[in-house]
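Q: Could you take me through the sheets in this one, and the helices packed around them? I'd like a close look at that part, strand by strand.

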Amino acid sequence: MSMLLLPPSSSRSIAPPPAVRSPCAPRSLRTGSPRRHAIARCDTSRTTPRISETEATLAQPSAAVQGATAPLVQALKSTAAQDVSCFHFPGHNRGKAAPSSLSNLVGMGAFLHDLPELPELDDLFYPKGVILDAQNQAARLFGSSKTWFLVNGSTCGIQAAVMATCSPCDYIIIPRNCHISVISALVLSGAVPKYIVPEYNSAWDIAGGVTPSQVDKALKELEKDGKKVGAVLVTSPTYHGICSDVQGVVDVCHPLHIPVIVDEAHGAHFRFHHSFPSTAIEQGADLAVQSTHKVLSSLTQSSMLHMAGGLVDADKVSQCLQLLQSSSPSYLLLSSLDAARAQLSENSKSFDDSVAMALETKDQLMVIPGLSVLDLSCFASDFPAIDPLRITFSASGLHLSGYEADDILEEHRIVCELVGTQAVTFAVNLGTRRQDVQKLVQCAKYLSDKYMSANESRFSKHNYVRSPLDKFSVKLTPRQAFFTKKRRVCIEDSLGEICGELICPYPPGIPVLIPGEVVTQDSLSYLLNVRDQGMTISGAADGELKSIMVCNL
């Protein structure tokens, strides 16, 4: 259900508190050193320029929670503790009618605090009290001029950012390995994509970021054709932690008054340790969408949208979010964002142990025979940094695909974040324990010991993967294709047809076929390969991918 558009709130500006970390450039994490048995030796980080902190706004907190560490959390606690007779939603009535199967699992506290938009809890779409206070405290911490809390995940943040900057038929420059939320934003907004193909490493079956020169080239091509550009969108970091030079992209776009949107879903933690890459806002991005639930500690589906600068209309962003977000936002999700922000505010060294464990683990994995660890020198482009908390290793030296390695890891009760055709990715976070990374290293050694000699004569069919992103032909915009009549065809007979649905392995959620693109042999072969290896395919009407929907032109 969507909300009626409400007038945006105003806030007054005051000077921000001291920055969470030094404004100096992030120092290099490691120096180059020989790595035995590694297929490719890679550096961890390269120095990137930093920009000055952006002034943040701070609303006057309500008297009831003034000075509270987490104002929204405190308000939710106080409201739930009231001895009242409830005649409002939800129907479980503060847990009195909670289903026992779930209350026995999660406890009564979740139901007691699952409250609607009561007056003392503020209004997400017209915040004047504790929500506004919580959002402005988040803006100060994350270095933005304005921050919105999101309860529909980063997906609705991406959609709102695109809709707020692009009118129908405006062009938007995006990487071809963008998340599916970007494609849904094109359907909703009517914007036309101008794709940039990122560098692709076939040995890893992993795409990197985009470069400022690629963005500059795309802008000049659109200018030559007389096209209006609404925005440029960059994914940084990628799922595997590869960061693009956002500052360089900003330097290309801002002289032309073109806003830069950054899908920073995997980089919400970047501001909170000196070894992390610079954040998108620090590098001058206009809008940055972060999944606070990924590496930080809010609940799944909760995210933040940050804004800086004056190129984007904040009122329009608010209006778009009202269209896209639920009119019954979960206060458990909202308060978890406030709590995650407070957690970081209270401890400036939160990530010290996590970073140390991640770097030690990478060093230990690099010297295991048959394994290699993804890092910057696996790409020819001069990408500025890689997330030190994201660990990706390949067992191709053992003639094991990513799926095969993951199956063995699962047998040893190790659950990864992402598995691909060639590699397995692990996300280190605040909750990672030393015993967890030690177990990972021990299992990796087991892989090496068992399969180094056993698979010496085995030919791995997964060693050479053609990029599914290189060759594509666009016949319709995603919006045109979405609303065009479709027909179902056997997937083997779809070659040359115009794809009518968004088809992508998930995770990572990067589309192999986008509505409006011609089905090519490369994309078809890639999809059949990952399907046959048991990977989940998202977006297709036929989840088993025996058939696909094509446009009936």
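A: Here is a walk through the two sheets and then two helix pairs.

A bit of housekeeping first: this is a predicted model, where local features need pLDDT of at least 70, side-chain atom pairs count only at pLDDT 80 or more, and totals for chains, interfaces and linings use all residues. Residues are numbered from 1 along each chain as its sequence is written, and side-chain values use heavy atoms, with hydrogens and water left out.

The protein chain has 15 helices and 19 strands; these are DSSP runs numbered from the N terminus, helices being H or I of at least four residues and strands E of at least two. Of its 553 residues, 58% count as buried, meaning under 20% relative accessible area with a 1.4 Å probe and protein chains only.

Let's start with the open sheet of seven strands, which has mixed pairing and the order β1-β10-β9-β8-β6-β2-β3. Strands pair if DSSP finds at least two bridges between them. At the edges stand β1 (146-150) and β3 (192-196); each has a single partner strand, so one side of each is left without a neighbour in the sheet. From one strand to the next, the twist averages 20°. Zooming in, β9 (residues 287-290) and β10 (residues 303-307) pair in the antiparallel sense over four bridges, and Ala288 sits opposite His306 in β10.

Now for the helices on that sheet. Helix α4 (residues 130-142) packs on it, touching β1, β9 and β10, and its direction makes about 120° with that of β1. Contact here means heavy atoms within 4.5 Å, while axes are lines fitted to C-alpha atoms (for helices over the stretch in contact), with angles from 0 to 180 degrees between N-to-C directions. Helix α7 (residues 212-224) lies across β2 (171-175), β3 and β6 (229-235), running at about 140° to β3.

The other sheet is open too, with four strands in the order β11-β13-β15-β14 and antiparallel pairing. Its edges are β11 (372-373) and β14 (418-419), each with a single partner strand, so one side of each is left without a neighbour in the sheet. Two bridges join β14 to the antiparallel strand β15 (residues 423-427), and Val419 stands opposite Val424 in β15. Helix α12 (residues 402-411) packs on this sheet, touching β13, β14 and β15, with its direction at about 50° to that of β15. Helix α11 (residues 352-366) lies across β11 and β13 (390-394), running at about 10° to β13.

On to helix against helix. The axes of α5 (residues 153-165) and α6 (residues 180-189) come within 8 Å and cross at roughly 40°. α5 and α6 are therefore oblique to each other; angles under 35 degrees count as roughly parallel, over 145 as roughly antiparallel, 65 to 115 as roughly perpendicular and the rest as oblique. Residues making the contact include Ile158 and Val162 of α5, and Val182 and Leu188 of α6.

The other pair is α1 (residues 71-80) and α10 (residues 331-346), whose axes come within 7 Å and cross at roughly 135°. That makes α1 oblique to α10. Among the residues in contact are Leu72 and Leu76 of α1, with Tyr331 and Leu334 of α10.

Definitions and conventions: Buried < 20%, exposed > 50% of the residue type's maximum accessible area, 1.4 Å probe, protein only.
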